[in-house]
Amino acid sequence: MKKILILSCAALLLVSACKNKNTMDNPFFSEWNTPYNIPDFTKIKTEHYIPAFEEGMKRQKAEIDAIVNNSEAPTFENTIEALEQSGDLLNEVSGVFFNLVECINSKEMEKIAEEVTPQMAAHGDDIMLNAKLFERVKAVYNHRESLGLTGEQLRLTEETYKNFVRNGANIPADKQDRFREINSLLSSLTLRFGNNVLAATNAYKFTVNNLVLEDEGNPAEGLSGSFINDAEKDEKGDLVFTLHMPVWEPFMQQCSNRNSRREMWEAYANRCIGDKFDNRAIIDSIVNLRLERAQILGFESHAAYTLDDCLAKTPEAVYKCLMDLWEPALAKAKQERDEYQKMLDKDHPGEKLQPWDWRYYCEKLRKERYALDDDEIRPYFSLDNVREGAFTVANKLYGITFRENNELPKYHPEAISYEVLDGDNVIAILYMDFFPRESKRSGAWMTNFREQYIDKDGNNVIPIIQMVCNFTKPTKDKPSLLNFDQSETLFHEFGHCLHGILSKCHYRSISGTNVPRDFVEMPSQVMENWCRHPQVMKEYAKHYKTGEAIPDSLIAKIAAAATYGQGFINTELLAASLLDMDYHSITKPTKIVLPDFEDQAMAKIGLIPEIISRYKSPYFQHIFSGGYSAGYYSYTWTAILDADAFEAFRESGDLYNPELAKKFRHLLESGNTEDPMKLYIDFRGKEPSVEPLKRNRGLI
Ligand SMILES: [Zn+2]
């Protein structure tokens, strides 16, 4: 979950090679003349972007005009395919720019992004709200069954049409103004919501006088020396603790002073309700405006609108998936509660466990029983070994190999470039960029500079994939050594890469990782299963000095740590997911009163008072200011899919079962050219089951 995937911003409109020679000295306007036509990063300068974006938009606009003004009746070729193939230059420059802004950023790059992003949004709107264009798209769509289209052409037609409709192209003229008004209201309300959360989070500071730190029962008692050392200090030298997660969470885990924990917890949980950053009225407006917009678009609820574009399809399916896990998660959480209560009894006889105690006792017990000592683990997980491990798994499953080729153009000297081969054929280019630098944002992600597709002349364009991480740098005498979490991150991002690498589609907007939101994390998460399987670990996790394979005792420790504390983790996650669904499944305008609405939603599912939703409504940014409305369930949904997918291999007794690997490869190759749920069932032979996930998370 913590891992981020950047999907190509290309979506429907954008990607690749420009053919016109231009007199300007701008490399985007001429052929690259590089191996595999990779953008020549060494020639691109920041001043080249804006003219390339502008020219790219101009050319695509001309292409759209040509489609609209075509005197021939609309056909798949002259409308849907022509639209899909428009915008080559814009795709090329977007693919380079929006990825490099994340990993070789600078003030100039940021300025360009600020200038270009609204222009691109307006350009996209101009296409999506072009009534004449939509008329042609609709004409093809209405006759799609009788046009003799291939399966992929049919899918492209349906996806294109749906994209227009979801963006408002089909709504009656008298409602269009209101539709635009709602969109604009929502964009400012969601922005205000996020700003309030940030301001409320920043406004609170818990200060501890630095002179009392040695005293028994002092407010910072129990905090580790390194945490105190790293803590923010004010001008008097006193310690300042904030509600930002990297500070708040370790504070709640370590601080043995119960009053301090309570104060920090209450400050965290009561943000944006009853203070000057109150988000309650905003929530009421957002929820009702989303309902109104969904109904203008012809859906019963906002959830129905959102899910129509996902695998889950309906709110009922989402509720079922979440409730399947809810009971076992809650039961497990209750066991955990009883254990922590016993620990609390010793420290504070006669007291009842409270939400501000949970993380503290959870961490205490983890340290006693399940602590993973990073220093013990890291030597077995050198970056080179883990990467080789991931390559080997891909090779055993799909027969592909990875050949380093430093002759390929690089955007940064630290990036390693590979040709990915299937037999003798190069099927993709892969850049791996592992270490932090000032110009790179934090986190780990996969993206691509170019999608895989078949160009206008019928040539297969191979994808150019990028994987970016922020691992510990090697030193003179030590290679980069990962902890187990980072090893899983590498396999996870590599799973996204494989989804892009193996793509075998015709049209770029539905190729590779351009799949629904509740499916895109499956190919990545599934790879984590190989990463942590004892048999696979024995193969790749070798001591960097001695070459000795990881001992069984350490593997067992890693496995035990993985299921520890899962009652709480799942319960708070599912509670938040259900809360999200409750807001967005309303079918009639509803006055949202808080905290009543949330309290009732939580009471309905029997949430225990020691646990709250992972995010309480007034600071639930994923759904009120991020892109996860009626979508927070997708973390759970994809986890069910990935556990169930790996179960197929496990059950077969062969982690590299060739027949299953072939079927899974077909799923990866197919992108969004078919309904991904159908692809999944073709692979698995049945609907996904929640049981493997329950077992993996220790909920059985
Ligand atoms: Zn991911």
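This is a quick walk through a zinc site and a five-stranded sheet. Keep in mind that the model is predicted.

Start with the metal. Which residues are the protein donors of the zinc ion? They are H492 and H496, each through NE2, and E521 through OE. They lie 2.1 Å from the ion. In sequence, the spacing of these donor residues reads H-x3-H-x24-E.

Now the two histidines. Both H492 and H496 sit in helix α17, which covers residues 484-501. They are 4 residues apart, or about one turn of the helix. Buried or exposed? H492 has a relative accessible area of 1%. That is under 20%, so H492 counts as buried. H496 comes out at 0%, so H496 is buried too.

On to the sheet. It is open, has 5 strands, and runs in the order β4-β5-β6-β10-β7. The pairing is mixed. Which strands stand at the edges? Those are β4, residues 400-404, and β7, residues 445-450. Each has a single partner strand, so one side of each has no neighbour in the sheet. On average, neighbouring strands are turned by 30° against each other, with direction ignored.

Look inside the sheet next. Strand β6, residues 425-433, and strand β10, residues 464-468, run parallel. They are joined by 5 bridges. L430 stands opposite I465 in β10.

Last item: the helix on the sheet. Helix α16, residues 383-398, packs there. It touches β4, β5 (416-422) and β6. What angle does the direction of α16 make with that of β4? About 140°.

Definitions and conventions. Residues are numbered from 1 along each chain as its sequence is written. This is a predicted model: local features need pLDDT of at least 70, side-chain atom pairs count only at pLDDT 80 or more; totals for chains, interfaces and linings use all residues. Side-chain values use heavy atoms; hydrogens and water are left out. Donors are N, O and S atoms within 2.8 Å of the metal (3.2 Å for Na, K and Ca); water is not among the atoms, so sites may look incomplete. Helices (H or I, at least four residues) and strands (E, at least two) are DSSP runs, numbered from the N terminus. Buried means under 20% relative accessible area, exposed over 50%, partly exposed in between (1.4 Å probe, protein chains only). Two strands pair if DSSP finds at least two bridges between them. Axes are lines fitted to C-alpha atoms, for helices over the stretch in contact, and angles run from 0 to 180 degrees between N-to-C directions. Contact means heavy atoms within 4.5 Å.
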